[in-house]
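Q: Please take a close look at one part of this chain, the paired strands and the helices that link them, and describe how they are put together.
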Amino acid sequence: ITNEEILEKWRKLSCDLLNRTSVNIAPTQSVIDLYQKIYPNVDNFKVIEHAIDIDKSPFNAKLTSKPIKILVPGHVSPHKGSLLIKELKQLDKNNLLELHFMGTTIPNLNKCGVNHGRYERKDFNDIVKEINPSFSLILSTCPESYSYTLTESWMAGLPVIASDLGALKERIELTGAGWLVDYSDVNEIYNFIININRDEYQNKLDNLSKIEFKDLNQMCGEY
């Protein structure tokens with residue numbers, strides 16, 4: 001049996017399953033768009049955004065320089081951009097970037113920055129205050145369906161630089177609370193980061209302050 005035959009069978013079984021449900025729920029429209037490219041005859045999708053119960057932080061982020069302090073949150077594996085981050089730091093000959101990993105990373109990233117280890121979601125805001133970064137960096141190389149680390153970063157008061165893909169793209173375009181970059185061009189990403197100006201940065205903070213975050217009770221009510 002060939003890979004093409006396996007894929008065809010898988011998609012047929014998935015299509016049958018999706019059509020049998022009353023509704024298929026996705027956390028962002030980008031997920032639905034992806035599914036409908038493959039299953040154009042399935043039309044019972046609905047968006048219900050994820051919610052988390054953590055408080056919005058009063059932390060006042062500032063644009064640092066020499067070095068620029070950057071938070072890299074979550075599980076940073078190859079599909080979450082670990083290899084890109086390694087390349088990014090290799091370009092940083094003058095040590096303009098100070099990377100802070102918060103979560104889990106592949107071992108060879110430890111020499112690229114400060115590893116703060118795993119965290120409990122309830123402690124996210126306090127750890128961010130201690131690190132005092134300017135923004136979060138989320139360089140996923142495949143489309144995210146939602147990205148809790150994006151929400152955590154925003155609730156901690158940080159604008160976000162993220163890949164121009166999936167839910168990251170959708171949510172940042174909707175809010176204006178960050179910047180989108182082409183993950184395939186590390187040189188461009190590096191030059192972009194070191195050239196962010198204060199007016200542009202303040203604009204992202206202003207947009208961030210306008211986001212209304214959904215809590216768990218609201219999400220459950222929608223379900």
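A: In this predicted model, a useful place to begin is isoleucine 138, which stands opposite alanine 162 in strand β7. The pairing to which this belongs joins strand β6 (residues 135–138) to β7 through three bridges, with the two strands running parallel. Between them in the unit lies helix α5 (residues 148–155), and β6, α5 and β7 together make a β-α-β unit that is right-handed.

Alanine 162 also leads on to the next strand, since it stands opposite leucine 180 in β8, while valine 160 stands opposite glycine 178 in β8. Strand β7 (residues 160–163) and strand β8 (residues 178–181) pair over four bridges, again in the parallel sense. From β7 the chain passes through helix α6 (residues 166–175) to reach β8, and this β-α-β crossover is likewise right-handed.

A helix pair can be described alongside these strands. The axes of helix α3 (residues 82–91) and helix α7 (residues 186–194) come within 9 Å of each other and cross at roughly 60°, which makes α3 oblique to α7. The crossing in which α3 passes α7 is right-handed. On the α3 side the contact is formed by Leu84, Glu87, Leu88 and Leu91, which meet Val186, Asn187, Ile189, Tyr190 and Ile193 in α7. By class, this contact of α3 with α7 has seven nonpolar residues, one polar residue and one charged residue.

Technical notes. Residues are numbered from 1 along each chain as its sequence is written. This is a predicted model: local features need pLDDT of at least 70, side-chain atom pairs count only at pLDDT 80 or more; totals for chains, interfaces and linings use all residues. Side-chain values use heavy atoms; hydrogens and water are left out. Axes are lines fitted to C-alpha atoms, for helices over the stretch in contact, and angles run from 0 to 180 degrees between N-to-C directions. Angles under 35 degrees count as roughly parallel, over 145 as roughly antiparallel, 65 to 115 as roughly perpendicular and the rest as oblique. A crossing is left-handed if the near helix is turned anticlockwise from the far one by less than a right angle, and right-handed if clockwise. Contact means heavy atoms within 4.5 Å. Ala, Val, Leu, Ile, Met, Phe, Trp, Tyr, Cys and Pro count as nonpolar, Asp, Glu, Lys and Arg as charged, and the others, Gly among them, as polar. Two strands pair if DSSP finds at least two bridges between them. A crossover is right-handed if, with the strands pointing away from the viewer, the path from the first strand over the helix to the second runs clockwise.
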